[in-house]
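User: Could you take a close look at the aromatic residues in this one and how they sit in the interior? I'd like one connected walk-through rather than a list.

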Amino acid sequence: METKLIERLEAAVARLEALSAGGGGVSSRCLPDIGVDMSSDPSIIAFDDLMDQYAAKVSGAAEKIGGQVLDVTKLVLEAFSVEKQLLKEIKQTQKPDMAGLTEFLKPLNQVIMEVTAMEQRGSEFFNHFKSAGESLSALAWIAYTGKDCGMSMPIAHVEESWQAAEFYTNKVLVEYKIKDPNHVEWAKALKELYLPGLRDYVKSHYPLGPVWNASGKKASAAPSKAPPPSAPAAPCPPRASHFSSESSKPSSSQPKQGMSAVFQEINSGNVTFGLRKVTDDMKSKNRTDRSGVVSTTGKKPRSSPATTVSKVRTPKLELQMGRKWAVENQIGIKNLVIDDCDAKQSVYVFGCKDSVLQIHGKVNNITLDKCTKMGVLFKDVVAAFEIVNCNGVEAQCQGFAPTISVDNTSGAQLYLSKGSLDASITTAKSIDINVLVPGADSNSDWVEHPLPQQYIHVYKNGQFETSPVSHSGA
């Protein structure tokens with residue numbers, strides 16, 4: 001199995017190099033011709049070892065599943081092959097400017113965008129696609145050019161990128177734990193490809209980023225004119241291409257609507273522009289075609305437009321007064337991100353449905369209110385994480401949360417990290433609440449603990465004693 005995989009990867013690389021040497025007219029993802037044999041370079045040998053050790057496991061599990069999972073896995077391995085070629089090219093190339101780097105990394109970004117295009121909402125393998133797509137952002141460590149480039153250092157970037165992907169691999173593990181062990185094997189193998197695989201490789205060879213050749217050739221220049229809107233952007237910084245959305249723009253940059261537009265017009269001082277003068281013959285009291293009797297026949301009731309408009313709520317993702325992040329009315333948006341936050345700010349999520357929010361950094365408090373099928377991925381919380389009036393939500397804590405509160409909620413999955421196992425969890429008027437904690441070691445499955453929703457109250461010694469109902473599998 002491993003020998004066949006290596007042969008396929010080498011064949012794919014050879015084909016890409018041949019296409020590049022032949023003019024690149026056949027493939028849109030042609031790579032530069034290296035022209036130098038680097039088979040003995042230590043970093044390239046280590047990259048081959050990485051593929052031999054970990055990629056074969058992912059490919060083997062995907063072949064057992066077949067179908068779309070196998071297709072997306074092939075793209076993941078192709079992205080790794082492209083990155084290997086880029087690492088070879090870097091050793092022969094001078095460090096480019098930002099525009100040149102964008103052009104240089106285009107082959108890698110094209111593979112990533114192909115994986116992203118497979119993320120069809122409603123597909124039975126949606127979590128597999130998201131796992132693959134989010135994980136590939138880890139390959140963007142190659143775009144690190146220094147502390148001012150807008151991304152974390154390479155090792156940290158790989159770890160942070162996998163944390164975003166793990167939110168979806170955990171769903172795969174839970175869904176297929178009993179149903180199909182091949183999917184469980186695939187999810188575990190994908191994690192090993194990045195942690196410890198890619199992380200240890202970067203740690204050993206490129207902890208401070210790729211090393212460009214100061215005396216080498218110049219990188220290919222970027223096109224003189226801007227690419228068309230459909231062209232994908234290069235993954236530097238990586239979060240921009242994977243998590244940006246129109247809903248994250250500040251509300252001040254959007255045109256004002258409704259009463260805001262009315263008040264803006266009033267404040268401009270141009271209130272009477274476009275108004276017509278009412279003459280005497282236009283007044284109701286002087287019109288002969290009007291009668292004082294009000295007729296009740298032949299008139300159809302009119303529907304109030306205000307009623308319809310009031311049901312459409314404007315999506316919002318903004319920082320209010322520098323203290324509170326408001327995330328409201330987001331429907332079907334899987335890439336909501338809050339990056340620039342601190343421990344004095346709170347996050348309030350209201351009325352969101354079928355969306356995923358990622359919070360990068362420590363905040364004071366997080367509240368989910370009246371949300372349905374909402375996912376939240378966060379790191380550290382100073383005070384509490386609260387779920388109120390929700391249905392079918394999922395939350396994963398990657399750091400520390402002292403208090404978790406669930407109130408009037410039906411269906412909640414809570415994933416706790418090892419650092420948050422001491423959290424105090426309070427539930428009230430809630431059903432179907434499950435808490436998943438890490439296994440004994442990194443290779444173990446998550447362990448699921450359903451929280452009791454039934455209690456027994458017994459009157460003893462002048463007071464009622466309450467105990468949860470425990471169910472036995474016997």
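Analyst: Happy to. Keep in mind that this is a predicted model. For a sense of the fold, residues 24 or more positions apart account for 45% of the contacts in the chain with a separation of 6 or more. The chain has 474 residues, and 41% of them are buried. Its secondary structure comes to 11 helices and 16 strands.

Now the rings. A pair of aromatic rings is described by the distance of the centres and the angle of the planes. The count here is 12 aromatic pairs. Take Phe 47 and Tyr 201: their ring centres are 5.3 Å apart and the planes make an angle of 85°, so this pair is edge-to-face, the cut-off for that being over 60 degrees. The pair also links distant parts of the chain, since Phe 47 belongs to helix α2 (residues 42-65) and Tyr 201 to helix α8 (residues 181-205), 154 residues apart. Both Phe 47 and Tyr 201 are buried.

For a contrasting geometry, go to Phe 378 and Phe 385. Here the centres lie 4.8 Å apart with the planes at 20°, so the pair is stacked, given that planes under 30 degrees apart count that way. Phe 378 has a relative accessible area of 2%, so it is buried, and Phe 385, at 1%, counts as buried too.

Back to Phe 47 and Tyr 201, which belong to a cluster: ring pairs join them with Phe 80, Trp 141, Trp 162, Tyr 194 and Tyr 206. Several of these names come up again in the largest nonpolar core, which has 64 residues; Phe 80, Trp 141, Tyr 194, Leu 198 and Tyr 201 have the most contacts inside it. The elements giving two or more residues to this core are α2, α3 (67-90), α4 (98-104), α5 (106-117), α6 (126-136), α7 (154-176) and α8. Of these, α3 gives the most, with 12 residues.

Trp 141 is worth zooming in on. Leaving out residues up to four places away in sequence, Trp 141 touches Glu 83, Leu 87, Met 151, Pro 154, His 157, Val 158, Leu 198, Tyr 201, Val 202, Tyr 206 and Pro 210. There is also a second, separate core of 35 residues, with Ile 338, Val 406, Leu 414 and Leu 416 among them. As a general backdrop, nonpolar side chains in soluble globular proteins tend to be buried together.

The stacked pair turns up again at an internal void. There is one cavity of 30 Å³ or more, and the largest holds about 30 Å³ of space. Phe 378 and Phe 385 are in its lining, along with Ala 395, Gln 396, Cys 397, Ile 404, Leu 414, Tyr 415 and Leu 416. Strands β9 (391-397) and β11 (410-416) each supply at least two residues of that lining.

The cluster, for its part, has a member at the largest pocket, which holds about 690 Å³ of space. Trp 162 is one of the residues closest to the pocket's centre, together with Glu 166, Lys 191, Ser 442 and Trp 446, out of 25 lining residues. The elements α7, α8 and β9 each supply at least two lining residues, and α8 gives the most, with seven.

One last aromatic detail: the charged end of Lys 179 sits over the ring of Tyr 176, 4.7 Å from the ring centre.

Notes. Residues numbered from 1 in each chain as written. Predicted model: local features only at pLDDT ≥ 70, side-chain atom pairs only at ≥ 80, totals over all residues. Heavy atoms only, no water. Phe/Tyr/Trp six-rings, centres within 6.5 Å; stacked < 30°, edge-to-face > 60°. Helix = DSSP H or I, 4+ residues; strand = E, 2+ residues; numbered from the N terminus. Buried < 20%, exposed > 50% of the residue type's maximum accessible area, 1.4 Å probe, protein only. Lys NZ or Arg CZ within 6 Å of the ring centre and 35° of its normal. Core = buried A, V, L, I, M, F, W, Y, C linked by side-chain atoms within 4.5 Å. Contact = heavy atoms within 4.5 Å. 1 Å grid on protein atoms, 1.4 Å probe; cavity = no way out; pocket = protein on both sides within 12 Å on 5 of 7 lines; lining within 4 Å. Points joined across faces, edges and corners; volume = space filled by probe spheres on them.
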